[in-house]
Amino acid sequence: MGTRRKSRELVLQMLFQADLGKQAADEVRRVFWNERKDIGPEVQGFAEDLFRVATDRTSEIDGLIESHAEHWRMERMAAVDRNILRAAVAELLGYPTTPRAVIINEALEIARKFSGPESVQFINGVLDSVGRDLGKARA
């Protein structure tokens with residue numbers, strides 16, 4: 001598994017911990033990294049960057065997701081799916097030079113690993129729509 005994929009999976013876990021545990025970002029970081037001493041600095045660095053974007057821009061990210069997920073509120077989405085979307089949208093916002101297709105594909109691979117088959121289509125549709133919208137805004 002590549003460095004960035006590992007980082008993205010760790011971000012999903014961190015966001016999931018913050019979401020379900022109702023923990024502040026600093027608490028998640030402290031507990032999460034304390035239990036993972038074997039993670040290399042490159043993996044941890046990218047994971048930290050994505051987590052920071054995701055937590056600093058939570059309301060913007062959740063607003064984008066909800067506006068592109070027709071008839072779905074964040075709290076009704078499966079927790080794993082909600083946090084895969086948050087991580088990917090954070091990357092779309094925080095790393096505009098990373099190709100949108102790469103970010104979406106990575107999110108779909110993580111969804112295949114951690115979520116159900118029906119979630120992959122849902123996540124793909126939402127991310128494609130958010131990505132197109134952000135692309136228009138940057139053009």
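**Exercise 1. The nonpolar core**

Task: In this predicted model, which residues of the largest nonpolar core touch the most other members, and which helix gives the most to this core?

Solution.
- Step 1. The largest nonpolar core holds 44 residues, and Ile-65, Val-89 and Leu-127 touch the most other members.
- Step 2. Two or more residues come from each of helices H1 (3–21), H2 (25–34), H3 (41–56), H4 (58–68), H5 (79–94), H6 (100–114) and H7 (117–138).
- Step 3. H5 gives the most, with eight residues.
- Step 4. Beyond four places in sequence, Ile-65 touches Met-74, Met-77, Leu-85, Arg-86, Val-89 and Val-126.
- Background: nonpolar side chains in soluble globular proteins tend to be buried together.

**Exercise 2. Helix H7**

Task: Compare the expected span of H7 with the distance between its end C-alpha atoms, then find what covers its buried residues.

Solution.
- Step 1. H7 has 22 residues, and at 1.5 Å a residue the helix should span 32 Å.
- Step 2. The end C-alpha atoms of H7 are 32 Å apart, which agrees with the expected span.
- Step 3. Buried residues in H7 are Ser-119, Val-120, Ile-123, Val-126, Leu-127, Ser-129, Val-130, Gly-131 and Leu-134.
- Step 4. The cover over these buried residues includes H4, H5 and H6.

**Exercise 3. Arg-82**

Task: Is Arg-82 buried or exposed, and what is Arg-82 in contact with?

Solution.
- Step 1. Arg-82 is found in helix H5.
- Step 2. The relative accessible area of Arg-82 is 9%; buried means under 20%, so Arg-82 is buried.
- Step 3. Leaving aside neighbours within four places in sequence, Arg-82 is in contact with Asp-19, Leu-20, Met-74, Glu-75 and Met-77.
- Step 4. For Met-77, the backbone oxygen lies 3.0 Å from a polar atom of the Arg-82 side chain.

**Exercise 4. Aromatic rings**

Task: How many aromatic pairs are there, and why is the pair of Phe-32 and Trp-33 edge-to-face?

Solution.
- Step 1. The count comes to three aromatic pairs.
- Step 2. The ring centres of Phe-32 and Trp-33 are 5.0 Å apart and the planes stand at 90 degrees, so this pair is edge-to-face.
- Step 3. Phe-32 is buried at 1% relative accessibility, and Trp-33 is buried at 10%.
- Step 4. For Phe-46 and Tyr-95, centres 5.2 Å apart and planes at 70 degrees again make the pair edge-to-face.
- Step 5. Phe-46 lies in helix H3 and Tyr-95 in the loop between H5 and H6, so this pair ties together parts 49 residues apart in sequence.
- Step 6. Both Phe-46 and Tyr-95 are buried.
- Step 7. Arg-4 lies over the face of Phe-46, 4.0 Å from the ring centre.

Definitions and conventions. Residues are numbered from 1 along each chain as its sequence is written. This is a predicted model: local features need pLDDT of at least 70, side-chain atom pairs count only at pLDDT 80 or more; totals for chains, interfaces and linings use all residues. Side-chain values use heavy atoms; hydrogens and water are left out. A nonpolar core is a set of buried Ala, Val, Leu, Ile, Met, Phe, Trp, Tyr and Cys residues joined through side-chain atoms within 4.5 Å. Buried means under 20% relative accessible area, exposed over 50%, partly exposed in between (1.4 Å probe, protein chains only). Helices (H or I, at least four residues) and strands (E, at least two) are DSSP runs, numbered from the N terminus. Contact means heavy atoms within 4.5 Å. The expected span of a helix is 1.5 Å times one less than its number of residues. A polar contact is a pair of N or O atoms within 3.5 Å; within protein, one must be able to donate a hydrogen and the other to accept it, and residues adjacent in sequence count only if both atoms are side-chain atoms. Rings of Phe, Tyr and Trp (its six-membered ring) pair if their centres lie within 6.5 Å; planes under 30 degrees apart count as stacked, over 60 as edge-to-face and the rest as tilted. A charge sits over a ring if NZ of Lys or CZ of Arg is within 6 Å of the ring centre and within 35 degrees of the ring normal.
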